[in-house]
Amino acid sequence: MTLVVMVGLSIAFLLFIAFLNVAKSGNVLSEANLLYGALVFYAGAGALYLGFGVTGTESYIRFASLATWAGLIANTGAVAHRWYEAGHPPFASLYEMLLSFVWTLAALTLIAEKRYGVKVIGTVTMPVAIVGVVLMQLLRSEVRPLVPALQSTWLHVHVTLAMLAYAACALSFALAMMFLIQDKLKTETFLAATSVFTVGIYAAILSRFERWGGLNVVAWDAENKTEVFIAPHVRLFVTIPDLGWLMLLVFGAVAAPLVLYILSYVKKNESLLAIANRAVFISILLQVLALVFFILRARDGQYPSLDAEGLYQTSLAASPFILSALVGGIFANLLYLLLLWRRQDLERLLPDADNLDRITYKTICIAFPLLTLMIAAGAYWANRAWGSYWNWDPKETWAAITWLVYAGYLHMRITRGWRGRRAAYFAILGFAVVMFTFFGVTYLLQGLHAYA
Amino acid sequence: MALSLGSAVRNTWKTLSSIKTGVVLIILVVIFSAAGTVILQRPMTDPDDMARAYSPAMLRFLDSTGLTDVFHARWFIALMILVSFSIIAASVERFPNAWRFFARPYKSPDEGFRRVLSVQATIPIAGEEQGLGTAERVLRKFGFHSERIVRTDSFSLFSEKHRISEMAVYIVHASLLLIFLGGIVDALYGWRGFVMLSPGSSSNRIEMKTGAERTLDFSIRCDGAGEETYTDGTPKKWWSKLAVVDQGREIFNKEIVVNDPLVYRGVRFYQASYGRTGKLDKLTLNATPAKGGAAQEISLAMNQSVALDADTSVQLVEFIPDFVVQDGHVYARSNDVENPAVHMLVTSKKASTTVNYWLPAISGIAENSSSPYILEPKDLKTGVFTGLEVSHEPGQWAVWAGVVLMAIGLTFVFYVVHARLWVVPVTDANGKLALWIGGSANRNRDAFEVKFKKLVEELQKELKPESPAGAEHPAASTTVAGR
């Protein structure tokens, strides 16, 4: 019974976030409404996958796939609308790239499902799509004119290739995870991985912990829809009081399963694992609480800053990282619970390990040439716009690093015959680097790609 | 001694060519590149920002190790050279084997090979000639053209597709080396700089990124520059009309925009920026006689004098883009056209008086009230400049050639399969005549196996009606062992 409540909660907070930002009046077929439709359907698909997790009813998967179709249609509408309104393909800003990325991801999910029979791939990709759409709600969405450097066909070629490559990488990640399930990787190993991931998230959030229990977030200039800068590249932070304590509490809650896992490993005591699983459940509830409080407090309101006099406004749009990290943590833990409770069903529904291993490899065989061409097109464009094909700018460097990681994977696989687990771990690492290149570099490191 | 030296060389070669070394080098490149994106880099970062971000001791350490300019540090370049050597060594080490495979295809499989091949089938046949003939036909139907291999005692068939696929990985490695080569050539012989031109001016001096100056043996002239903006003021388009002047002759001209440079003798001129110089280009005024009368419109350039009537003339002598008044003097605060002031002299020949006319009328300095004409500003055009990024990258053609080659190589690596088929007439354990078919593919083996099974089924169907006796034989056995 508690499980049903939990799934209900997860859908409720998605709709809650959606309503906060998209309940706009106006044309029914406006981009915002289409995007909202896509969100609802993707959320529905995600919920149905989770529903399958709770009840084990296989027909849920069919409905989930239908919901994905519906979401994809709405998403296509939003892309087309955007394209028409802006007069250029939607690749010019982070918002537009996310729009295209989510579209590609949903399309590839359906292809993997129909073509390769990987029925439950959406369990992993749909949450990513949902996070993407939620992030889009927060980022600036008005059509902005292109600065001269961005007016090039090569830009569109470059970004289209990037989206295709990154979506293929996302798919290979999902497939590698499924391989690990089919390869009989112990459920508690997934527990440890999920816990480490979540602990990492809250540790990162707590790096913004301010004395007296506050949490620092970036100030937001609502009028110009941008972050507030006090000097070039130096953002103004405001402190939300008491939120730091809550994050600290949740940090303790998400660390508990990890501690219990380590204890059970050291003491060889299986019963501790059962407690750890219960602790995961409690931590999810607390994480939802943290998310809700974060949204309520950071959505708007005036807060003091340590660096400047007076009160400053903030907005969810100023903290897309924290928000997606919070949502991502919840999804990772829910996926773990799905695995914990429905592992046998999953194993029955997924293709066998050999097949998954092979499909993962094939997906990377598609992703790697796309990555290569993406870098080449970017270099060619840079050469036309700036007079230099390679500038060692952070985004370029990280794209090269991504390329090298996958090149390493291919060498180990082809010449050393790496199969199975080691190859799967490599594919997961590759996707982690892709995610850093896509999000991390944009927000943490500065460079020529600053418009993105 | 010579022996140990030889073995040392051999060992070095072995280490360099091993895949382990390759992976270790890749990991090192990844780590140092990542460091180069996290640590603030010179010269892009302002020295003040560097000093703010790191403690003096830390900064000294980072500077001395080259970590503040990773991608141009000597050890990073050495690392890249080591990577190149590793690629060369690994390719050279493995190439002869692959070449043998490529140049001398294995056409007639012996018994040992036939026994261990994982993808194979045996079909009973009535006669050798008729069996091979049918096999040839079926193979052609599946797109395999076979050749008959004549041996001392029998015939067999050999067929293959896309042998080039075996060479693909060397194509990719060669393309990577070509890209490196281009990068090295550009690092050694390439340069980048900047030149600022106002419409009408020309220059052959390029200010280099390093701060030095470079003189080209031709010059570039700007015949016009402009900007278009969106309604919200963000720039939409910058353009410059440029002409190349070589030994006093105009060679050609082109209007360049961002993303579309001008190229002459390997030197590329890019539209990089556009702005105002803070110098006056043209001032338009309305002049009305103080005693009353019709107004006339006049335009003035710097130091230009224009007659207002037979007796009176006006001359523009000073333009201050951003003025400030202090102790009865006018000073320029900056070169931005923020708060402009113009100084004109209105001269009357008959009365031999000269009036200092200021716009705006700065109290204490301007003598506007004693002027015979009232001057009203109508329009002020300040000079513009166009900023051109100039670069010379002789190695870029190697880079683009490498990119194209890599695209071709990767296509072959991932999507072109070298497939081989052998058909050999054999006698099975019972002494009956049979057709042995074997196949191999260098990648995408599962798809190949499916195709192979179909081919065998087809061959069985073709062979059956012609050999009714075959029905008594046990059904053809296809074995596709796991890899």
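1. A quick definition to start: a helix crossing is called left-handed if the near helix is turned anticlockwise from the far one by less than a right angle. With that in hand, the crossing of α7(A) and α10(A) is left-handed. Please keep in mind throughout that this is a predicted model.

2. Staying with that pair, helix α7 of chain A covers residues 187-206 and helix α10 of chain A covers residues 320-349. Their axes lie 10 Å apart, and the packing angle is about 165 degrees. Angles over 145 degrees count as roughly antiparallel, and α7(A) and α10(A) are therefore roughly antiparallel to each other.

3. Helix α6 of chain A, residues 153-182, is a nice one to check by length. At 1.5 Å a residue, its 30 residues should span 44 Å, and the end C-alpha atoms are indeed 44 Å apart, so expectation and model agree. As for its surroundings, 23 of the 30 residues of α6(A) are buried, so this helix is largely enclosed by the rest of the structure. Have a look, too, at Lys184(A): just after α6(A), this residue takes a positive phi of about 60 degrees.

4. Now to a pair that joins the two chains. Helix α12 of chain A (residues 394-416) and helix α2 of chain B (residues 19-38) have axes that come within 10 Å and cross at roughly 165 degrees. That angle makes α12(A) roughly antiparallel to α2(B). The handedness of the crossing between α12(A) and α2(B) is left-handed.

5. Within chain B, helix α8 (residues 168-189) meets helix α9 (residues 396-415), with axes that come within 8 Å and a crossing angle of roughly 165 degrees. α8(B) and α9(B) are therefore roughly antiparallel to each other, and their crossing is left-handed. The residues of this contact divide into 20 nonpolar, 6 polar and 1 charged.

6. Finally, chain B as a whole. How many helices and strands does chain B have? There are 10 helices and 21 strands. The radius of gyration of chain B is 41 Å, well over the 23 Å given by the globule rule for 483 residues, so the chain is more spread out than a compact globule. Along its principal axes, the C-alpha trace of chain B spans about 135 × 65 × 45 Å. Buried residues make up 25% of the 483 residues in this chain.

Terms used
Residues numbered from 1 in each chain as written. Chains lettered and ligands numbered in written order. Predicted model: local features only at pLDDT ≥ 70, side-chain atom pairs only at ≥ 80, totals over all residues. Axes fitted to C-alpha atoms, helices over the stretch in contact; angles between N-to-C directions. Helix = DSSP H or I, 4+ residues; strand = E, 2+ residues; numbered from the N terminus. Parallel < 35°, antiparallel > 145°, perpendicular 65-115°, else oblique. Nonpolar A, V, L, I, M, F, W, Y, C, P; charged D, E, K, R; others polar. Expected span 1.5 Å × (residues − 1). Buried ≥ 20, exposed ≤ 12 C-beta atoms within 10 Å, placed from the backbone. Rg over C-alpha atoms; globule rule 2.2 N^0.38 Å.
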